[in-house]
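Biologist: I'm new to reading protein models. Could you walk me through one, feature by feature?

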Amino acid sequence: MSIKAENGTNGVLNGVKAPRTATVERKTGETDISVEINLDGIGKNDISTGIGFLDHMLCQMSKHGRIDLFIKCKGDLHIDDHHTAEDVALAVGMAFDKALGARKDIRRFGTAYCPLDEALSRAVVDISSRGAGYAELNLVREKIGDLSTEMIPHVLESFATEARITLHVDNIKGKNDHHKAESAFKALGVALRQAVSEDVNAGVPSTKGVLS
């Protein structure tokens with residue numbers, strides 16, 4: 001496996017706070033992925049993983065999180081969707097972690113409820129530096145488009161692991177699996193936007209004095 005990760009212009013540039021950006025390139029025998037992220041963006045995105053529904057979900061996270069996100073992936077989809085979905089989530093999580101940089105002067109926590117018609121989902125984020133994800137989406141179909149529904153919570157959990165955040169995503173109610181999943185990724189985006197937003201009085205937002 002080959003991984004190349006670069007931080008962008010985090011910090012202060014010419015007296016102005018620079019956007020928190022990062023680029024990650026992750027290449028294995030199963031996938032070849034590039035990710036560019038800007039946590040201080042406006043929600044621009046161009047995402048091509050080869051799995052249409054995964055693209056759609058990541059676009060929701062980007063748009064509602066005001067996170068600029070650009071992803072290109074070539075994966076072994078002739079086998080199935082597992083390697084591509086998992087590796088994309090890991091690469092996005094890694095880019096998020098690199099872009100966030102020093103975990104200080106941020107709100108740290110984010111909570112969001114987002115509906116999509118009859119479906120309602122909740123996402124809770126803690127920029128804890130302890131990567132762990134827990135997702136209960138109550139999906140019943142085998143697939144949505146070309147994405148196995150078993151992979152949807154796994155994508156969330158894989159993202160949380162590499163992003164080094166604690167993440168809880170729960171579908172509270174709903175009938176349509178597309179709606180359940182989409183409301184979950186919208187809620188994730190909103191919760192991330194809250195958690196990474198600036199709080200200049202926070203310092204390191206932990207009584208331990210460190211989040212690393």
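**Starting from one residue**

Modeller: Sure, let's begin with Asn45, which sits in strand 6, residues 45-48. Keep in mind that this is a predicted model.

Biologist: Is Asn45 tucked away or at the surface, and what is its relative accessible area?

Modeller: The idea is to compare the relative accessible area with two cut-offs: under 20% is buried, over 50% is exposed, and anything in between is partly exposed. Asn45 has 29%, so Asn45 counts as partly exposed.

Biologist: Which residues does Asn45 touch, leaving aside its neighbours within four places in sequence?

Modeller: For contacts, we ask whether heavy atoms come within 4.5 Å. Asn45 is in contact with Cys59, Ser62, Lys63, Leu69 and Phe70, once neighbours within four places in sequence are set aside. You can also look at C-alpha distances: Asn45 and Ile67 are 22 residues apart in sequence, and 8.1 Å separates them in space.

Biologist: Let's try a helix. Where does Met61 lie, and is Met61 buried or exposed?

Modeller: Met61 is in helix 1, and that helix covers residues 52-65. With a relative accessible area of 3%, Met61 is buried. Skipping neighbours within four places in sequence, its contacts are Leu69, Val92, Phe185, Leu188, Gly189 and Leu192. Here's a nice pair to find on screen: Met61 and Ala191 are 130 residues apart in sequence, with 9.6 Å from C-alpha to C-alpha.

Biologist: And what about His64 in that helix?

Modeller: His64 has a relative accessibility of 26%, so His64 counts as partly exposed. Beyond its neighbours within four places in sequence, His64 is in contact with Lys186, Gly189, Val190 and Arg193. For another pair, take His64 and Ser212: they are 148 residues apart in sequence and 27 Å apart in space, C-alpha to C-alpha.

Biologist: How do I read backbone angles?

Modeller: Most residues other than glycine have a negative phi. Asp105 has a positive phi of about 55 degrees although it is not a glycine. You'll find Asp105 in the loop between helix 2 (82-100) and strand 8 (109-116). Asp117 has a positive phi of about 55 degrees too, and is not a glycine either. Asp117 lies in the loop between strand 8 and strand 9 (119-126).

Biologist: Are Asp105 and Asp117 buried or exposed?

Modeller: Asp105 is partly exposed at 28% relative accessible area, while Asp117 is exposed at 63%.

Biologist: Now the inside: how many residues are in the largest nonpolar core, and which have the most contacts inside it?

Modeller: To find a core, look for buried nonpolar residues joined through their side chains. The largest one here has 57 residues, and Phe96 and Ile165 have the most contacts inside it. Leaving out residues up to four places away in sequence, Phe96 touches Ile37, Leu39, Ile127, Phe159, Ala163, Ile165, Leu192 and Val196.

Biologist: Can we zoom out to the whole protein?

Modeller: Gladly! The protein has four helices and 13 strands. Its radius of gyration is 16 Å, close to the 17 Å that the globule rule gives for 212 residues, so the protein is as compact as a globular protein of that length. Of those 212 residues, 51% count as buried.

Biologist: How much of the contact map comes from residues 24 or more positions apart?

Modeller: Such pairs account for 72% of the contacts with a separation of 6 or more.

Methods:
Residues are numbered from 1 along each chain as its sequence is written. This is a predicted model: local features need pLDDT of at least 70, side-chain atom pairs count only at pLDDT 80 or more; totals for chains, interfaces and linings use all residues. Side-chain values use heavy atoms; hydrogens and water are left out. Helices (H or I, at least four residues) and strands (E, at least two) are DSSP runs, numbered from the N terminus. The radius of gyration is taken over C-alpha atoms; the globule rule is 2.2 Å times the number of residues to the power 0.38. Buried means under 20% relative accessible area, exposed over 50%, partly exposed in between (1.4 Å probe, protein chains only). A nonpolar core is a set of buried Ala, Val, Leu, Ile, Met, Phe, Trp, Tyr and Cys residues joined through side-chain atoms within 4.5 Å.
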